[in-house]
Amino acid sequence: MESTAVTKEMDLKRENSVKWFANWRFITGSLLFMIILLIAAVWYYQANHFNSNIKINGINVGGMTADQALKKLKTTILKNTVYVGNQQVFDGKDTKMGFMKSDLPQVKKILKGQWTFFPSSKAYNYSLWPSKQDQYRNQTLKKQVEEKLLAMNQTLKKPKDAEVRLVKGQIVVTNSVSGDQYDVPSLLKDFEKHNYVSEIYLNPVYIQPIKEYSEFIKNQHKMLEEFLVQTVDYKVQNKVFKLSAKELIKNASITKDLQIKIKDEGEVKKKIAEINHSQSTLNKDFTFKTHSGSVISVKGKGYGWAINVDKEIPRIVKAFESGKKSVSASNIYGNGWKGEGYGYDTVKNNGIGNTYAEVSIAAQRIWIYKNGKLVVTTNVVTGNHSTQHDTSPGVWYILYKQTPAVLTGRENGKITYQTPVQYWAPFTNDGQGFHDANWRSNFGGNIYKSNGSHGCVNTPPSVMKTVYDNLSTYDPVVVY
């Protein structure tokens, strides 16, 4: 009996254990199913909704689906307000963001990219541009901002670069001064990178001056040091004058493109004027050795030259600025018919050279020299002394040659005579020159004192062709 009772009790316990296990399996299975269902629901929600702190172009789309986010983007108004730092610099016209249905895939791409299995509170701000670009935002607004910034710069303090200068012969470096003008190109680059948002905040960037300790200034300093040891050879006729930058250039500056600009030409002008005074022959006395060997002094008249100092200075200055090593004088003037100077290319025989005509009023004779050799000499009749029509003393030059020619005399603006001649070679601007005089039978002596010419050198017709053939245009004529 006892054994039967124990067996029944054990069967009851076994039956209760089976029931409990069955209930536990049911409960566990139910919980697991609910958990899976919850996870699936969370996954589905997360896959189709943005996390709570997600923004697109600064617009909160947290908790929205892609369609809802796109709808909000499509209806959002852009104020297009531009700030530099915290200062508003431009308030553009309001525009819609301009998103369309075709932009939905890009919104979904952002949705997928921000997905987390469990909801996240991390904040992200994604940038998205419409597939159809807004011309106002991309072009017009940028141009308007640029114009505004440039206009603002007109009223703002301009920075001052450090500069290297030559002042009174000494190299001086000036200090830089900061300003508050905007660096417009840098701000526009920042604008281009900016998100497609309603309010655009640009980081302040200012135009920076060139600092006194910069490599640029160091290079300029070195340039001026090299400039000061520069020399320019100034060639005048057969002489070379060495011009020193250190001695002549006292004030200069350097441009941004590293070009030296001389500011003060005073010492250069003084030096060229000094060279001109020592070398030129214009209106000076020529030392002349006559046919007899005597040395006389004859005033330069039509013949002679000088340097136009004012026109030479820019050439010398440019040579120093560009590093040119030599310059030849070129701006030559004189008492020529058109202001030209003669004799610059002649250095022999005290500037007269070895080819010239010699006229002695006292001896009433001429001598024509060619390359240092006498080629013809003859008696002549010069200007009438008694009527004050003397042939003018001085160093002249042959203006031109003409054969045949008609000589025209004038007194007080009226024609007094017209005489044909075979050969004519004038040497003064007022009409004195060599010509044949077939109306005369005698030459030389004292004829000139009472029966001389109107100033010309009357030459025997038998000799005049030889005289004419041995005279060349621009040859000096020495009358004494």
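1. A good place to start is a helix pair: helix 8 and helix 9 are oblique to each other, since angles under 35 degrees count as roughly parallel, over 145 as roughly antiparallel, 65 to 115 as roughly perpendicular and the rest as oblique. Their axes come within 10 Å and cross at roughly 125°, with helix 8 covering residues 266-279 and helix 9 residues 309-322. Axes here are lines fitted to C-alpha atoms, for helices over the stretch in contact, and angles run from 0 to 180 degrees between N-to-C directions. Helices (H or I, at least four residues) and strands (E, at least two) are DSSP runs, numbered from the N terminus.

2. Before going further, please keep in mind that this is a predicted model, in which local features need pLDDT of at least 70 and side-chain atom pairs count only at pLDDT 80 or more, while totals for chains, interfaces and linings use all residues. Residues are numbered from 1 along each chain as its sequence is written, and side-chain values use heavy atoms, with hydrogens and water left out.

3. Back to the first pair. Helix 8 passes helix 9 in a right-handed crossing; a crossing is left-handed if the near helix is turned anticlockwise from the far one by less than a right angle, and right-handed if clockwise. On the helix 8 side the contact is made by V268, K269, I272, A273 and N276, and on the helix 9 side by V309, D310, E312, I313 and I316 (contact means heavy atoms within 4.5 Å). By class, this contact has six nonpolar, one polar and three charged residues. For that count, Ala, Val, Leu, Ile, Met, Phe, Trp, Tyr, Cys and Pro are nonpolar, Asp, Glu, Lys and Arg are charged, and the others, Gly among them, are polar.

4. Helix 8 also holds a salt bridge, in which K270 pairs with E267 and the closest N and O atoms are 3.5 Å apart. The term stands for a side-chain nitrogen of Lys or Arg within 4 Å of a carboxyl oxygen of Asp or Glu. Because K270 and E267 are three residues apart in helix 8, about one helical turn separates them. K270 is exposed at a relative accessible area of 52%, and E267 is partly exposed at 29%. Buried means under 20% relative accessible area, exposed over 50%, and partly exposed in between (1.4 Å probe, protein chains only).

5. What about helix 2 and helix 3? Helix 2 (residues 66-75) and helix 3 (residues 104-113) pack at an angle of about 120°, with their axes 9 Å apart, and are therefore oblique to each other. Their crossing is right-handed. A66, D67, A69, L70 and L73 of helix 2 make the contact with L104, V107, K108 and L111 of helix 3. These residues divide into seven nonpolar, no polar and two charged.

6. Helix 4 and helix 5 (residues 184-193) have axes that come within 10 Å and cross at roughly 155°, so the two helices are roughly antiparallel to each other. The crossing is right-handed. From helix 4, R137, L141, K142, V145, E146, L149, L150 and N153 meet V184, L187, L188, F191 and E192 in helix 5. The contact divides into eight nonpolar, one polar and four charged residues.

7. E146, one of the helix 4 residues in that contact, also forms a salt bridge with K143 (3.8 Å, N to O). The two are three residues apart in helix 4 (residues 135-155), and therefore about one helical turn apart. E146 is partly exposed at 24% relative accessibility, and K143 is partly exposed at 46%.

8. How many salt bridges does a search of the whole structure find? The answer is 11. Another of them joins K465 and D469 (2.8 Å, N to O). Both residues lie in helix 11 (residues 461-469), four residues apart, about one turn of the helix. K465 is partly exposed at 44%, as is D469 at 43%.

9. Two loop residues deserve a look as well. N470 is found in the loop between helix 11 and strand 29 (476-479) and counts as buried at 18% relative accessibility. Not counting residues up to four places away in sequence, N470 touches I368, K370, V375 and D475.

10. Y344 lies in the loop between strand 19 (332-333) and strand 20 (356-360). Is Y344 buried or exposed? Y344 is buried, with a relative accessible area of 16%. Leaving out residues up to four places away in sequence, Y344 touches K235, V236, Q237, W305, A329 and I332. The C-alpha atoms of Y344 and E147 are separated by 60 Å, and the two residues are 197 apart along the chain.
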